[in-house]
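Q: Please take me through one part of this model up close. Keep it brisk, and build the picture step by step.

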Amino acid sequence: MKRDGMWRRDFNLSALAVGLTGLLGLRSAWSQNNVISSRGEGMEGDVIGTEPRRRRPPVNNAVPPPGSAPVATILVVGDSLSAEYGITRGKGWVALLSAKLRAERPDVSVMNASISGDTTAGGRARLPALLSQVRPVLVVIELGGNDALRGLDLASTQKNLEAMIQASQEVNARVVLVGMQIPPNYGPDYSTQFSVMFHQVAKRNNISLVPFFLKGIADVPDAVNQFQPDRIHPREEAHPRMLGNVWPDIKKNLQGH
């Protein structure tokens with residue numbers, strides 16, 4: 001990570017602390033039953049202490065009954081980066097993925113089960129029900145950032161990710177793991193170990209890895225302009241780049257489907 005980049009200047013510890021309060025809250029079981037959307041929309045929820053502070057109306061697309069989902073479905077399980085926090089509904093990277101698939105792979109749909117504030121523990125807890133309902137051919141796991149914000153034990157985060165991967169593979173779904181990085185002011189050792197963890201998990205389980213979800217966004221000279229005022233969530237204009245970072249691995253794993 002560039003120490004003279006946005007991570008050092010703007011995405012600092014105080015900004016992380018500001019976003020921490022709201023990002024960590026898990027949604028209720030009622031909310032979890034309403035986060036699936038074939039339009040690529042997740043459940044944004046509230047984020048306290050960041051601007052603008054607002055609540056999105058709940059998504060009304062209920063989880064489809066078993067067997068009703070399309071034969072080829074991508075399930076995205078993520079946090080606020082995938083749940084369209086703070087941006088126009090339908091403009092997040094998952095919605096852009098859905099539109100791209102309609103043009104290039106109309107036989108494949110997307111279900112977005114992302115919830116702002118979710119951790120790997122939360123994702124692990126709700127994934128079995130999602131897999132049973134959706135039966136995806138591909139699972140995209142975009143979790144871990146909130147674990148880092150809480151300074152959680154990396155061994156627990158790793159176990160949760162591996163449990164999610166194994167559960168997905170048990171239903172014959174391929175997996176794309178979306179990696180994250182955190183600024184060095186969280187401690188160089190922790191920052192390095194956090195990044196390396198994603199590589200280790202992907203290698204051990206023989207799955208695809210996106211090394212850094214925010215590549216080209218958080219590590220560029222004008223990075224401050226890529227983020228919302230909270231300096232945590234990318235602006236709407238950055239989401240096409242986020243899709244660009246993930247798409248090659250998604251496309252590769254759709255081969256044969």
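**A close look at the sheet and its helix**

A: Start with one pair of residues: V76 has N112 in β2 as its bridge partner. Keep in mind that this model is predicted. Strand β1 covers residues 72-78. Five bridges join β1 to β2, and the two strands pair in the parallel sense.

Now step back to the whole sheet. Five strands make up an open sheet, and their pairing is parallel. Read across, the order is β2-β1-β3-β4-β5. β2 (108-112) and β5 (208-210) are the edge strands, each pairing on one side only. On average, neighbouring strands are turned by 20° against each other, direction ignored.

Next comes the helix. α8 (residues 188-205) packs on this sheet and touches β4 (174-178) and β5. The direction of α8 makes about 170° with that of β4. Check the length of α8 too. Its 18 residues, at 1.5 Å a residue, should span 26 Å, and the end C-alpha atoms are 26 Å apart, so the two agree.

Which residues of α8 are buried? Among them are Y190, F194, M197, F198 and V201. Their cover includes α6 (145-149), α7 (154-170), β4 and β5. After α8 comes N206, with a positive phi near 55°.

Finally, go back to the core. The largest nonpolar core holds 59 residues. I74, W93 and I250 have the most contacts inside it. Leaving aside neighbours within four places in sequence, I74 touches residues including V108, V110, L138, V140 and I250.

Key
Residues are numbered from 1 along each chain as its sequence is written. This is a predicted model: local features need pLDDT of at least 70, side-chain atom pairs count only at pLDDT 80 or more; totals for chains, interfaces and linings use all residues. Side-chain values use heavy atoms; hydrogens and water are left out. Two strands pair if DSSP finds at least two bridges between them. Helices (H or I, at least four residues) and strands (E, at least two) are DSSP runs, numbered from the N terminus. Axes are lines fitted to C-alpha atoms, for helices over the stretch in contact, and angles run from 0 to 180 degrees between N-to-C directions. Contact means heavy atoms within 4.5 Å. A nonpolar core is a set of buried Ala, Val, Leu, Ile, Met, Phe, Trp, Tyr and Cys residues joined through side-chain atoms within 4.5 Å. Buried means under 20% relative accessible area, exposed over 50%, partly exposed in between (1.4 Å probe, protein chains only). The expected span of a helix is 1.5 Å times one less than its number of residues.
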